[in-house]
Amino acid sequence: MIVNLHDSISLASKLTPKRVSNAWNIWRSYQRSIKTGKSSMIGLPISMAIEPTTACNLRCPECPSGLRSFTRPTGKLDTQLFEKIMQDVHEHLIYLTFYFQGEPYLNPQFLDMVKVADKFKIYTTTSTNAHFLDDGNARKTVESGLNRLIISIDGASQETYESYRKEGDLTKVLEGTQNILKWRKELKSKSPKVVWQFLVVRPNEHEIPKIKKLAKEFGVDKVAFKTAQIYDYENGSPLIPTMDKYSRYRPNGDGSYSIKNELENKCWKMWQSCVVTWDGQVIPCCFDKDASHSMGSVSEKSFEEIWFSKPYQNFRNALLNSRSEIEICKNCTEGLTVWA
C-alpha cells in the first residue's frame, strides 16, 4: 500500500467506532488462526477490491486482460449490483480498490460508483493506464471524491514504455496526468493523490532515474516502484530485472529461478480483504485471476453469508495447513517486498 501524510489523514477520517471494532476483531481472528492452525473468523473485511471491467485497451504481456486469456466470463460491473454490494459492506469497509483486471475507465459508470462509495465515507483508490483521462474525465475524477489515483507509467520514453505497455501511448499518459493535476488545482481539491506506478522489468529498469526526474517535473505526489509478477519465471524470462531489489525471483545458478517467497502458512489478506469480480463472484484475493476459487455470488447471497460460509472457511484452513499446495498462492506476494 502506498501512503503519504494526506493519505493517512484521509484514511483515518473514514474510521467509525463500528469499523474500528470490526478491524480489531479481524486482527484477533487472524492471530488466533495462526496460533491454533484452524480458521477463526469473527469480523468482516476492512478492505475490498471490486472489478469495474475486464476490458482493456492495452496488451501487456503479463496480464490476462492484455492477453485476452481469461477462462471466466468477461464484462463490466452493473451499477445496481455495485450498490447492493455497498449496502452489504459499507458499515465495516474502510478501503475500496476499484480495480482487479481491466481498465476501470472503460466502464462508463465507474466514476458514478466512486461517488456512491464516497457517500458511504469509504476510502477509494483505482489504478489506470491513463489513456482515458481527457479533460472531461479528469474533472469528473476529481469531483467524484476518489482518494488516490495510481497511474501506470512503465517507461520514461515511448520506446521503453511500449515495450511492456503494448499498444500504449506515453503522450496520453503524460497528458492525463496533467489534466488530473490541473483540475485538482482548479477545484481546490487535495484529492485524488496522484501516484505514478513504475512496474520494474528488465526493458525499463535503466529508466528509473529518468522517471524520478520526470515525476518531479510533473509534480505528481509520489512515484512508486513495483516488483513484477512473472507467470513462467521458473526457466527465466526477459522481463525479470537484473537489479535484484526489483525482482521477486532469485536465480538458482543453473538457469532456473525460484520465487523469493518462503510461502509461510499464513496470509493476512485472507482475513482482512477479498475481491469481487464484475459479475459478483467473491474470490479470496487478486491472484485468483480466473476466479477459480469463487466462494459465492453476491447477486445470489448476502456478502456476510458468503464470508462466513463453509467453502471460505475450508479455503482458509487449507492455507493454514499448506499454503504452498494452493496454486494461486505459489506466485503470491504475501511475504515478499512488493514496493521496492
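Strands β1 (residues 47-50) and β9 (residues 273-276) run side by side in the parallel sense, joined by four bridges. Two strands are said to pair if DSSP finds at least two bridges between them. The model is predicted: local features need pLDDT of at least 70 and side-chain atom pairs count only at pLDDT 80 or more, while totals for chains, interfaces and linings use all residues. Residues are numbered from 1 along each chain as its sequence is written, and side-chain values use heavy atoms, with hydrogens and water left out. Helices (H or I, at least four residues) and strands (E, at least two) are DSSP runs, numbered from the N terminus.

**The sheet**

- Let us start with the strand order: β6-β5-β4-β3-β2-β1-β9-β10 form an open sheet of eight strands with mixed pairing.
- The edges of this sheet are β6 (222-227) and β10 (282-283), each of which pairs on one side only.
- As background, strands of a sheet pair through backbone hydrogen bonds, either parallel or antiparallel.
- Strand β1 also pairs with β2 (residues 95-98), in the parallel sense and over three bridges.
- M48 is a handy residue to find in β1, as M48 stands opposite C274 in β9 and opposite L96 in β2.
- Further along the sheet, β4 and β5 run parallel and are joined by five bridges, with S152 standing opposite Q197 in β5.

**Two covered faces of β1**

- In a regular strand the side chains alternate between the two faces of the sheet.
- In β1, S47 and A49 are on one side, M48 and I50 are on the other, and all of them are buried.
- Here "buried" means under 20% relative accessible area, "exposed" means over 50%, and "partly exposed" is in between (1.4 Å probe, protein chains only).

**Helix α8**

- Helix α8 (residues 170-186) has 17 residues and reaches 24 Å from its first C-alpha to its last, close to the 24 Å expected at 1.5 Å a residue.
- That expected span is 1.5 Å times one less than the number of residues in the helix.
- Buried residues of α8 include L170, V173, L174, I180, L181, W183 and R184.
- What do the buried residues of α8 pack against? Their partners are α6 (135-144), β4 (148-152), α7 (158-164), β5 (193-200) and α9 (208-218), where contact means heavy atoms within 4.5 Å.
- At the N-terminal end, D169 caps α8, with a side-chain oxygen 2.9 Å from the backbone nitrogen of T171.
- Such a polar contact is a pair of N or O atoms within 3.5 Å; within protein, one must be able to donate a hydrogen and the other to accept it, and residues adjacent in sequence count only if both atoms are side-chain atoms.
- After α8 comes K188, whose phi is positive, near 55°.

**Salt bridges**

- A salt bridge is a side-chain nitrogen of Lys or Arg within 4 Å of a carboxyl oxygen of Asp or Glu, and a search of the whole structure finds twelve of them.
- One of these joins E51 and R72, whose closest N and O atoms are 2.7 Å apart.
- This pair links distant parts of the chain, 21 residues apart: E51 is in the loop between β1 and α3 (64-67), and R72 is in the loop between α3 and α4 (79-89).
- E51 is buried, with a relative accessible area of 0%, and R72 is buried too, at 10%.
- E217 and K213 also meet in a salt bridge (2.7 Å, N to O), and they are separated by about one helical turn because they are four residues apart in helix α9.
- Both ends of that bridge count as exposed, E217 at 51% relative accessibility and K213 at 54%.
- Another salt bridge joins K330 and E327, with the closest N and O atoms 3.2 Å apart; K330 is partly exposed at 35%, whereas E327 is exposed at 58%.
- Salt bridges link R184, K193 and D221 in a network; K193 lies in β5 and is buried, with a relative accessible area of 13%.

**A buried lysine without a salt bridge**

- K269 is found in helix α10 (residues 269-272).
- How far from K269 is the nearest side chain of opposite charge? That side chain, E334, is 4.8 Å away, and K269 is buried yet has no salt bridge.
- For charges, Lys and Arg count as positive and Asp and Glu as negative, while His and the chain ends are not counted.
- Leaving aside neighbours within four places in sequence, K269 is in contact with C286, F287, T333 and E334.
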